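Visitor: Hey, got a minute to walk me through this one? I'd like to begin with the holes and work outwards.
Guide: Sure, let's pull it up.

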Amino acid sequence: ILHLNERICPIKLFGGSQQQEAVAAESEPEPLSIFRTQENDPACQSEKHFGQYYTLPSAHVRTVFPHGLPMRYKQQVKTFNEACMMVRPPALEVISSLKKTDNSKPAVRYLFYGLKGSGKTMTLCHTIHFCYTQGWLVLHVPDAHLWVKNCKELLPSSFNSSRYDQPLQATEWLRNFRITNEPFLSKIKTKQRYVWTKRESTEEGSTLGELVDQGITRVKTSSDVVGAVMKELRLQSGQPESDFRLAVAVDGVNALWGRSTIRKMNNTAVDPEELTLVYNLRKLMKNDWTGGAIITTLAQTGAVYTSKYSYLPKELLGEKGFDSMDPFIPVSVPNYSEKEFESCYLYYMDRHWLQYPHSRTEDGKKELIFLSNRNPSMLERICGFH
């Protein structure tokens, strides 16, 4: 019998040796299950792995996803004592395209869309995991809608009086960015000087780490530091002297062009473009830079004041957002297929997540199909009660 882990996978690496070692260290052979695959490297997964779960190394969960994983999935990881993701066609479609990325061409924009709970965020996370293992620099913005609602602290921008800063959100994002991209912080140097106050500045030639630390230690400047980080990466990505590829991943990108629930002192709504974080992230969504890719999802959660049944790009992005993102590659994330449902059902059985005897029968399985309509999120919630 040829073991699945005895294979050659010729993938060009971009400084991803540590990430590859972590995958190899936790890819030890174990008894084969039809719902599991031993191929834990996203770069080597293919159509034959569709519907199977692969295991993320625990080191990757901490490093790649200090933020961005859905709350219920994080609870599931604690309960099951392992982090597994299902290999699904939408993720492999984008991963296959990313392998062929031409560094000299403008960044391609990918847009995952689908019904609520169909697995868009998990598909995005699968794609991010691939980028990380290949040594890409990952700029991940999870839950973009949180930047346009329920802001705990809103301050007038010291750089531009017509915009507003969100220091708490900016500082949290910088901390997580530093965790994920630690190897790059000392390698990338700034191309210009940034003045924060009369006494504080970041000189040209400073490391990216020094720039990030400025925003973390001086919270008041954090929003502008996020903008500076995005600007530096956008300008340096794809340049001959740069040895990194940039993956910009945004969950709920439609929030950038939606409506905000944040109020000014005069009780009028803040336009998303008036927020420093959103303003700079919008600029990163333009494909006027090279050497990377823009991978996004649509989210009904971030679609304030729109129908909860809307899920198509035109409906959630709106005219302004659609025009800003165009051209993009739409990638549909459907509910589970029969094979994927069967795999998920067997995985929950294996983890003893289905406790009631009836749920383990053929009739019980049919009831789960009927109740969930094979929607991943709905199935997970229903199984939590069985």
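Visitor: So how many cavities of 30 Å³ or more does the structure hold?
Guide: Three of them. Keep in mind that this is a predicted model.

Visitor: What volume does the largest cavity have?
Guide: About 50 Å³.

Visitor: And which residues line it?
Guide: The lining of the largest cavity is made of Val64, Pro66, His67, Val138, His140, Trp173, Asn176, Phe177, Thr180 and Asn181. Two elements, β4 (137-141) and α6 (167-180), put in at least two residues each. The largest share is that of α6, with four residues.

Visitor: How does that lining split by class?
Guide: Five residues are nonpolar and five are polar, with no charged ones.

Visitor: OK, on to pockets. How much space is in the second largest one?
Guide: Roughly speaking, about 410 Å³. Its lining has 17 residues, and Phe159, Tyr194, Trp196, Asp224 and Ala228 are the ones nearest the centre.

Visitor: Which elements give two or more residues to that lining?
Guide: Those are β7 (194-195), α9 (222-236) and α10 (276-285). The largest share comes from α9, which supplies five residues.

Visitor: And the classes there, how do they divide?
Guide: In the second largest pocket the lining has six nonpolar, six polar and five charged residues.

Visitor: Let's talk packing. How many residues are in the largest nonpolar core?
Guide: It has 52 residues, and the ones with the most contacts inside this core are Leu139, Phe177, Leu233, Val253 and Met285. The largest share of the core is from α9, at six residues. Phe177 also turned up in the lining of the largest cavity.

Visitor: Pick Leu233 for me. What does leucine 233 touch?
Guide: Leaving out residues up to four places away in sequence, leucine 233 touches Leu137, Leu139, Phe177, Ile188, Leu208, Phe244 and Leu246.

Visitor: What lies apart from that core?
Guide: Another core, of 32 residues, including Val61, Val94, Ile95 and Val333.

Visitor: Zooming out now, what's the secondary structure of the chain?
Guide: There are 14 helices and eleven strands. The radius of gyration is 22 Å, close to the 21 Å that the globule rule gives for 386 residues, so the chain is as compact as a globular protein of that length.

Visitor: What box do the C-alpha atoms fill?
Guide: Along the principal axes, roughly 70 × 50 × 35 Å.

Visitor: And how much of the chain is buried?
Guide: Of the 386 residues, 53% count as buried. As for contacts with a separation of 6 or more, 72% are between residues 24 or more positions apart.

Visitor: Now the backbone oddities. Where is there a cis peptide bond?
Guide: Between aspartate 326 and proline 327, where omega is about 0°. Proline 327 belongs to the loop between α11 (313-325) and β11 (329-332).

Visitor: What about aspartate 143, what's its phi?
Guide: Positive, about 50°, although aspartate 143 is not a glycine. You'll find that residue in the loop between β4 and β5 (155-156). Aspartate 143 is partly exposed, and its relative accessible area is 34%.

Visitor: And arginine 374, where is that one found?
Guide: In the loop between α13 (362-372) and α14 (376-383). Arginine 374 has a positive phi too, of about 60°, and is not a glycine either.

Visitor: What's the relative accessible area of arginine 374?
Guide: Arginine 374 comes out at 25%, which counts as partly exposed.

Technical notes:
Residues are numbered from 1 along each chain as its sequence is written. This is a predicted model: local features need pLDDT of at least 70, side-chain atom pairs count only at pLDDT 80 or more; totals for chains, interfaces and linings use all residues. Side-chain values use heavy atoms; hydrogens and water are left out. On a 1 Å grid over the protein atoms alone, a cavity is a set of points where a 1.4 Å probe fits but cannot get out, and a pocket is an open set with protein on both sides within 12 Å along at least five of seven lines; lining residues have an atom within 4 Å of a point. Grid points are joined across faces, edges and corners, and a volume is the space filled by probe spheres set on the points. Ala, Val, Leu, Ile, Met, Phe, Trp, Tyr, Cys and Pro count as nonpolar, Asp, Glu, Lys and Arg as charged, and the others, Gly among them, as polar. A nonpolar core is a set of buried Ala, Val, Leu, Ile, Met, Phe, Trp, Tyr and Cys residues joined through side-chain atoms within 4.5 Å. Buried means under 20% relative accessible area, exposed over 50%, partly exposed in between (1.4 Å probe, protein chains only). Contact means heavy atoms within 4.5 Å. The radius of gyration is taken over C-alpha atoms; the globule rule is 2.2 Å times the number of residues to the power 0.38.
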